[in-house]
Amino acid sequence: MKLFVSEGNPHCLKVLAALEVTGVHCDVQNVNHEERVVPFLSRPALPALLLSSGLHLFSPNAICRYLFEVSGQDCSELCNRWLEWEATDLQPALLQCLHMAVLQGKGSEVSKVLQGSLNYMEQSLSKGNTPYLTGDAVSVADVVLWAALYPVLSDSSLALGEHASVKAWFDRGAAMHSCQSAAQKVLQGKGLQGMKSFMQRQPALQSSPCRDTQPCNGNPAEDEESEHAVSVEEMEAAARTWSQGLSSSPLAADRQHPILPQEGKRNLLVTSALPYVNNVPHLGNIIGCVLSADAFSRYGRLRGWNMLYVCGTDEYGTATENKAREEGLTPQQICDKYHAIHSSIYKWFQIDFDFFGRTTTEKQTEIAQNIFWKVHKHGFLMEDTVEQLRCENCKRFLADRFVEGICPHCSYAEARGDQCDKCGRLINAVELREPQCKVCRQTPVVRSSKHLFLDLPKLEAQLEQWLDKSTSTGDWTANAKQITRSWLRDGLKPRCITRDLRWGTPVPHPDFKEKVFYVWFDAPIGYLSITANYTDQWEKWWKNPSQVELYNFMAKDNVPFHSVVFPCSLLGAQDNYTLVNHLIATEYLNYEDTKFSKSRGVGVFGDMAMDTGIPADVWRFYLLYVRPEGQDSAFSWADMALKNNSELLNNLGNFINRAGMFVTKFFEGSVPVMELQLEDKKLLAVVGWELQQYIQLMDKVKIRDALRHILNISRHGNQYIQVNEPWKKIKGGDTERQRAGTVTGVSVNVACLLSVMLLPYMPAVSRTIRDQLNAPQSCVNTMLQGTGTFVCCLSAGHRIGTVSPLFQKLEVDQIEALKKRFGGQQPDDEPSKKKMTAQSAGSAQPAAAPSAPAAEVASVNGVDPEKAKQLTQAVTEQGEKVRALKAQKAEKAVVTAEVAKLLDLKKQLALAEGKSAAAAPQKGKKK
């Protein structure tokens with residue numbers, strides 16, 4: 001095993017302390033904070049533990065739990081509860097403390113932030129009357145919490161006088177040599193200042209921070225700090241705005257196609273990264289591209305901007321040829337099939353494209369070849385030769401994904417020609433051992449092939465000049481800027497734009513007529529060709545940089561192609577193309593504690609979401625709620641149920657339904673007369689402020705952050721109703737009945753505002769609310785003008801429609817069934833399907849023995865040393881896997897299944913060693 005840590009990282013203090021306490025043998029390597037040691041993560045994740053099986057653990061608490069498991073110390077239920085509390089409650093408070101103390105010099109204020117957490121620990125330790133958190137001996141919970149608190153509690157400015165039990169517990173930990181040794185290694189005797197370099201690299205704290213090593217699903221509404229204070233002047237101003245009523249300006253006309261840029265208007269061209277056609281999109285694909293762009297486009301239309309939102313399927317390339325071969329179809333048939341699937345999924349998710357096209361069109365060929373010739377004419381292309389694998393049987397050069405072989409790094413038997421799925425390392429196809437053509441299974445040979453390259457170094461100066469302007473004037477996400485800078489830092493290199501394939505846009509150059517354009521030269525041109533298939537006046541959008549603002553939405557892995565490669569292609573064409581002004585890139589959305597995998601059945605894919613019985617708007621809400629804006633986040637069934645039941649049902653839905661029902665029940669369906677008092681004006685001012693924050697954030701494409709202001713408004717509304725109790729006042733005298741009317745009228749108008757603010761997120765629910773309130777269409781056009789205008793839309797006497805509940809509760813058994821359905825199987829260390837090779841059976845040894853019945857493993861003589869050697873390795877790897885699953889708190893059923901495999905392997909090993917199968921040790925409870 002190898003443990004990667006960095007100096008000054010408080011999370012590394014935990015794992016080093018656990019390592020010292022348990023005495024587990026492990027190599028420790030110090031790296032810098034920016035080092036990416038986990039191959040399948042694009043962000044730094046430290047600490048990280050590399051297991052001998054090739055698996056990685058990169059949650060500090062999971063690593064600590066694993067180390068204790070390896071040393072024979074299981075984690076009790078109480079221990080697990082402490083670790084969960086540390087991660088969800090203590091860590092956010094501690095990170096806020098470190099930010100204040102290390103970066104802001106406000107160490108004296110730290111005690112206020114930690115007070116609640118320390119009180120909880122004090123009560124628990126006092127009540128338990130034990131020296132440690134879970135009993136009389138040190139557990140992983142003690143090590144994790146001690147190490148988490150050490151940087152703050154060891155600072156003399158924070159006294160623990162009133163927390164005697166916590167102080168005694170903390171001092172016991174400090175007296176342990178192992179804990180002090182770990183602290184010295186991380187902080188280097190510098191105290192809090194030893195963390196300065198690490199803290200400076202952390203994202204700016206929002207109202208409640210999340211750990212840098214964990215997916216962040218923090219509640220954007222619950223994170224909000226205290227209610228915004230408003231002055232009397234602001235209250236009066238809000239009342240004046242309210243009294244203006246709806247705008248008398250004409251209603252916005254329905255969209256007329258084709259939409260073209262207009263003089264004097266803000267013209268926004270919105271694209272989302274073209275989804276690859278060869279598979280069904282999963283939730284991460286949907287939120288990273290099309291859903292985020294849809295929410296922003298809907299918002300832009302509410303603002304009165306002139307919007308065109310285009311997208312389509314990316315259909316050329318190796319993956320399409322592979323998929324066609326797998327399904328026994330032609331590439332065009334595959335494209336037709338999956339284009340229809342994509343269209344159906346996006347329609348169900350209510351993605352409101354102005355046009356959804358595809359790249360396998362004549363327009364694509366025409367425009368791509370035109371750009372190619374112009375880049376060629378201006379001298380920005382160069383020729384070079386590349387060594388590639390060629391299958392003589394198929395008579396073709398093999399693209400990376402048409403090759404399979406043994407990984408040169410980890411010896412995985414089914415590594416692809418571009419990347420190994422087991423160790424995650426990038427591979428050059430010619431490096432594979434024993435390569436095979438995936439089509440005919442023959443061994444290819446290395447041959448040279450001549451290709452065309454985009455001369456990026458020659459375009460670098462133009463690119464940098466454009467980037468300086470675009471990133472300084474536009475809204476580029478921080479990760480987009482960072483990824484682009486990292487490409488430029490080491491200098492650009494020529495990039496191949498041709499491929500030896502059959503399925504693609506043909507290269508028009510006579511010397512390269514057997515080749516097609518490489519997908520990353522060709523695919524972004526799809527934005528232009530799709531627009532050209534929408535309107536023959538496409539150049540008014542794409543060759544009009546002075547009038548058009550271009551927004552690109554994507555996940556961060558697509559950034560370099562949109563910020564460097566594609567702009568260089570357009571700059572090289574020198575044809576006045578519109579280049580991206582605002583590059584919006586999300587981080588990654590994971591599934592529970594792992595990655596989406598269609599082959600393993602892990603995660604929810606677009607077609608599956610349609611069959612869950614959960615409305616599309618609830619999916620939209622939750623995906624936008626956990627949108628990975630600043631760091632990776634994770635889809636969680638339990639969290640989705642919690643947010644549906646708490647935020648949608650009990651908060652938002654409860655407020656809107658109560659407001660409407662009061663009108664129906666107490667005022668015969670007509671909005672009552674409203675006589676505003678100071679308390680009502682205060683609500684108007686607070687709601688108006690939340691509306692302004694929402695607009696500011698949405699203007700900057702902070703879609704997730706803006707959502708908390710919608711939920712805040714309904715929270716304010718619920719509190720307003722609860723304090724004023726209109727259901728009681730309606731039974732009183734005239735004054736009280738008038739008060740009930742005012743509260744009801746104001747509340748139903750707040751509900752109307754919420755229907756407009758919700759439209760980008762939940763379009764069907766927004767429509768339903770407005771239908772129930774019988775709201776005038778002009779309310780949609782009025783509320784989001786300027787910096788936000790909260791006016792009285794439903795005046796006295798307005799008749800509302802039939803009110804009914806908006807949301808349904810997601811029940812525990814329903815969610816558990818869905819979680820089980822989409823949980824898939826944990827991957828084995830080796831695939832069950834072995835590669836067919838031409839070599840003799842003895843030429844290579846398998847990395848792990850298959851899980852066969854014990855009777856089949858035993859040799860005739862009872863002892864099989866070679867098989868025993870293989871099984872010993874298999875037992876070791878399976879044991880590591882079981883411990884890792886336990887450390888990650890995997891589902892009980894998954895752990896039980898893997899434990900059963902481990903016990904079976906141990907039985908096989910016993911037989912191979914000539915022992916009785918009963919001799920295989922089995923860990924169990926003491927009787």
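# Exercises on a predicted model

The structure holds zero disulfides. The model is a predicted one, and the exercises below work through some of its parts.

**Exercise 1. Find out why C75 and C391 form no disulfide.**

Step 1. Take the cut-off: a disulfide needs two cysteine sulfur atoms within 2.5 Å.

Step 2. Look up the cysteine sulfur closest to that of C75. It belongs to C79 and lies 3.0 Å away, so the two are too far apart for a bond.

Step 3. Do likewise for C391. Its closest cysteine sulfur is in C440, at 3.4 Å, which is also too far for a bond.

Step 4. Check the surroundings against the limit for a buried residue, under 20% relative accessible area. C75 has 17% relative accessibility and therefore counts as buried. C391 has 1%, so C391 counts as buried as well.

**Exercise 2. State how many helices and strands the protein chain has, and what share of its residues is buried.**

Step 1. Count the elements: the protein chain has 32 helices and 20 strands.

Step 2. Turn to burial. Of the 927 residues in the protein chain, 56% are buried.

Step 3. Consider the contacts between residues at least 6 apart in sequence. Of these, 77% join residues at least 24 apart.

**Exercise 3. Compare the expected span of helix 13 with the distance between its end C-alpha atoms, then describe what its buried residues pack against.**

Step 1. Helix 13 runs over residues 362-377 and has 16 residues. The expected span is 1.5 Å times one less than the number of residues.

Step 2. This rule gives 22 Å, and the end C-alpha atoms are 22 Å apart, so the two values agree.

Step 3. List the buried residues of helix 13: Q364, I367, A368, Q369, I371, F372 and V375.

Step 4. Find their partners. These residues pack against three strands and three helices, among them strand 8 (381-391), strand 13 (445-454) and helix 19 (559-573).

Step 5. Look just past the end of the helix. There G379 takes a positive phi of about 80°.

**Exercise 4. Name the buried residues of helix 7 and the elements that cover them.**

Step 1. Helix 7 covers residues 177-187, and its buried residues are S178, C179, S181, A182, A183, V186 and L187.

Step 2. The cover over these residues includes helix 1 (10-22), helix 5 (140-153) and helix 6 (164-174).

Step 3. Just after helix 7, Q188 has a positive phi of about 55°.

**Exercise 5. Classify two aromatic pairs as stacked or edge-to-face.**

Step 1. The structure holds 37 aromatic pairs. One of them joins Y299 and W305: the ring centres are 5.8 Å apart and the planes stand at 85°, so this pair is edge-to-face. Y299 and W305 are both buried.

Step 2. Next take W637 and F822. Their centres are 5.8 Å apart with 15° between the planes, and the pair is stacked.

Step 3. Place this second pair in the chain. W637 is in helix 22 (residues 637-667), while F822 is in the loop between helix 29 (812-821) and helix 30 (854-857), so the pair ties together parts 185 residues apart in sequence. W637 and F822 are both buried.

Step 4. Widen the view. Ring pairs link W637 and F822 with Y591, F596, F605, W619, Y622 and F635 into a cluster.

Step 5. Add the charges over rings. R390 lies over the face of F397, 5.3 Å from the ring centre, and R499 lies over the face of Y518, at 3.9 Å.

**Exercise 6. Describe the surroundings of E629 and S670.**

Step 1. E629 sits in the loop between helix 21 (616-625) and strand 20 (633-635). Its relative accessibility is 16%, so E629 counts as buried.

Step 2. Leaving out residues up to four places away in sequence, E629 touches V701, K702, I703, R704 and D705. The side chain of E629 has a polar atom 2.8 Å from the backbone nitrogen of I703 and reaches the backbone nitrogen of R704 at 2.3 Å.

Step 3. S670 is in the loop between helix 22 and helix 23 (678-699). S670 is buried, with a relative accessible area of 19%.

Step 4. Apart from neighbours within four places in sequence, S670 is in contact with V663, G797, H798 and R799. The side chains of S670 and R799 make a polar contact at 2.8 Å.

Methods
Residues numbered from 1 in each chain as written. Predicted model: local features only at pLDDT ≥ 70, side-chain atom pairs only at ≥ 80, totals over all residues. Heavy atoms only, no water. Phe/Tyr/Trp six-rings, centres within 6.5 Å; stacked < 30°, edge-to-face > 60°. Buried < 20%, exposed > 50% of the residue type's maximum accessible area, 1.4 Å probe, protein only. Helix = DSSP H or I, 4+ residues; strand = E, 2+ residues; numbered from the N terminus. Lys NZ or Arg CZ within 6 Å of the ring centre and 35° of its normal. Contact = heavy atoms within 4.5 Å. Polar contact = N/O pair within 3.5 Å; in protein donor to acceptor, adjacent residues only side chain to side chain.
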